[in-house]
Amino acid sequence: MTSHDPGPEVPRAGRFRWHQTHPLAFDAVLAAIALAAILSTSVADLHGSQGPRFGVRPLSATTASLAAVACAALVLRRRMPRTVLAVTGVLTIVELIAQGGAPRGPVVGPTVLALYTLAAVTDRPTTWRIGALTMVALTAAGMIFGTHPWYSQENLAIFAWTGMAAAAGDAVRSRRAYIDAMRERAERAERTREEEAGRQVAEERLRIARELHDVVAHHIALVNVQAGVASHVMDNRPDQAKQALAHVREASRSALEELRATVGLLRQSDDPTAPTEPAPGLGVLDQLVDGFVRAGLPVDLELPEPAGALPASVDLTAYRVVQEALTNVHKHAGDGARATVRIVRTGSGLTVTVQDDGAGPAGADRRGGADGPAGRPAHGGGHGLTGMRERVLALRGTLVTGPRAAGGFQVLVTLPLQSVRTGESI
């Protein structure tokens, strides 16, 4: 037995959309079908006493010629809808005049198709304007040049078919416009969702990067200083070296714990290993200050008595601001510098001030640049002040950093306790 290869199967959707992918071929087939229908109907008696009969009427050369030209014009109905409608309409009127008292062939069929096409591709005012003109012209020609009464079914049929063609074409055009609008709306909504998702991912990535910087920069700076001290006194003062190494171990352990808590934010909420410890805040600020004091940086802390719990976002931001500011002091203020941390809470806001009296080897620029009221660094630096500024602006607060007139550097942050938009607690 020989096998038969049926060839590649045409997709079902492709078969149904053939008229859209090959419009000219489809219109040619439609024109041929219309011509066959006109010629067969012209020689038939559809209303005889014995039922419809074909071949009982002669086919005149005029009817055949007009039908052939009118149907041939339908091949171009998509490209030139107005011209095709005008040609078929004129040929229909000529056919009505030429037949006189003889039975009329249905040459009006191509005009109906041309009017439907025009209505489907133009706007509604144009459709009704041209459609009304076509209906009136063809119906008037049938009434004037025909031998039947003006109210005969032939004349009413011309009026009805042209009116239905205009209405059907307008309905198809409206449906296409509705589908296109729905598709465009769906695509726009999809783009909006993708943009929103991308924005949220970028914000979350920036927030995590800010957290990692605050944790790593602070603790690694302490580790670096204490490791340097241990290396310097290892031979002459082993006890002091051991103490410095103990500080290194404590700072590294704290860094690991905070890194574990920060990375735990990426876990699912139902993960049993997700961290449960609260985020650091002003309640553990004394521990932070003690770490800097042990690292050799004298710090004066002015912290008021607690007067009610702070919003979590404000509490964490204030803690991170103090952490980053003291880290910059420890790294850049120079030997012998002393820092002061002052926190003042009012009814509407929280003010955090971190000052130092050190000049540093190269002035304030080595601490990220001097910021004006707008919070813009004058010179390049690390990400510390940038992350600090982003945290403060996220809460609609203000940040002012810059050199002090008496020497040293100052970071001044004001965080509102009331939402700017709603007036409720953050």
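A salt bridge is here a side-chain nitrogen of Lys or Arg within 4 Å of a carboxyl oxygen of Asp or Glu. The model on display is predicted, and the tour opens with one such pair.

**Stop 1: a salt bridge**

Select Arg77 and Asp27. These two residues form a salt bridge, in which the closest N and O atoms are 3.0 Å apart. Arg77 belongs to the loop between helix H4 (61-73) and helix H5 (81-99), whereas Asp27 sits in helix H3 (residues 23-42), so the pair ties together parts that are 50 residues apart in sequence. In total, the structure holds ten salt bridges.

**Stop 2: the sheet**

Next, display the strands E3 to E7. In what order do the five strands of the open sheet lie? The order is E3-E4-E5-E7-E6, with mixed pairing. Strand E3 (299-302) and strand E6 (398-403) are the edge strands, each of which pairs on one side only. On average, neighbouring strands of this sheet are turned by 10 degrees against each other, direction ignored.

Now restrict the selection to E6 and E7. These strands run antiparallel and are joined by six bridges. For a single example, pick Val400, whose bridge partner in E7 is Leu412.

**Stop 3: helices on the sheet**

Add helix H11 (312-332). H11 packs on the sheet and touches E3, strand E4 (339-345), E5 and E7. The direction of H11 makes about 10 degrees with that of E5. Then select helix H12 (residues 384-394), which lies across E6 and E7 and runs at about 150 degrees to E6.

**Stop 4: the cavity**

How many cavities of 30 Å³ or more does a search of the whole structure find? The search finds one. The largest cavity holds about 70 Å³ of space. Ten residues line the largest cavity, and those closest to its centre are Ala325, Asn328, Val329, Phe409 and Val411. To see where the lining comes from, colour helix H11, strand E5 (349-356) and strand E7 (409-416): each supplies at least two residues of the lining. By residue class, the lining divides into six nonpolar, two polar and two charged residues.

**Stop 5: Leu310**

Finally, select Leu310, which is found in the loop between E3 and H11. Which residues does Leu310 touch, not counting residues up to four places away in sequence? The contacts are Leu282, Asp315, Arg345, Leu350 and Leu417. Of these, Leu350 merits a distance label: Leu310 and Leu350 are 40 residues apart in sequence, while their C-alpha atoms are 9.3 Å apart in space.

Key:
Residues numbered from 1 in each chain as written. Predicted model: local features only at pLDDT ≥ 70, side-chain atom pairs only at ≥ 80, totals over all residues. Heavy atoms only, no water. 1 Å grid on protein atoms, 1.4 Å probe; cavity = no way out; pocket = protein on both sides within 12 Å on 5 of 7 lines; lining within 4 Å. Points joined across faces, edges and corners; volume = space filled by probe spheres on them. Helix = DSSP H or I, 4+ residues; strand = E, 2+ residues; numbered from the N terminus. Nonpolar A, V, L, I, M, F, W, Y, C, P; charged D, E, K, R; others polar. Pairing = 2+ DSSP bridges. Axes fitted to C-alpha atoms, helices over the stretch in contact; angles between N-to-C directions. Contact = heavy atoms within 4.5 Å.
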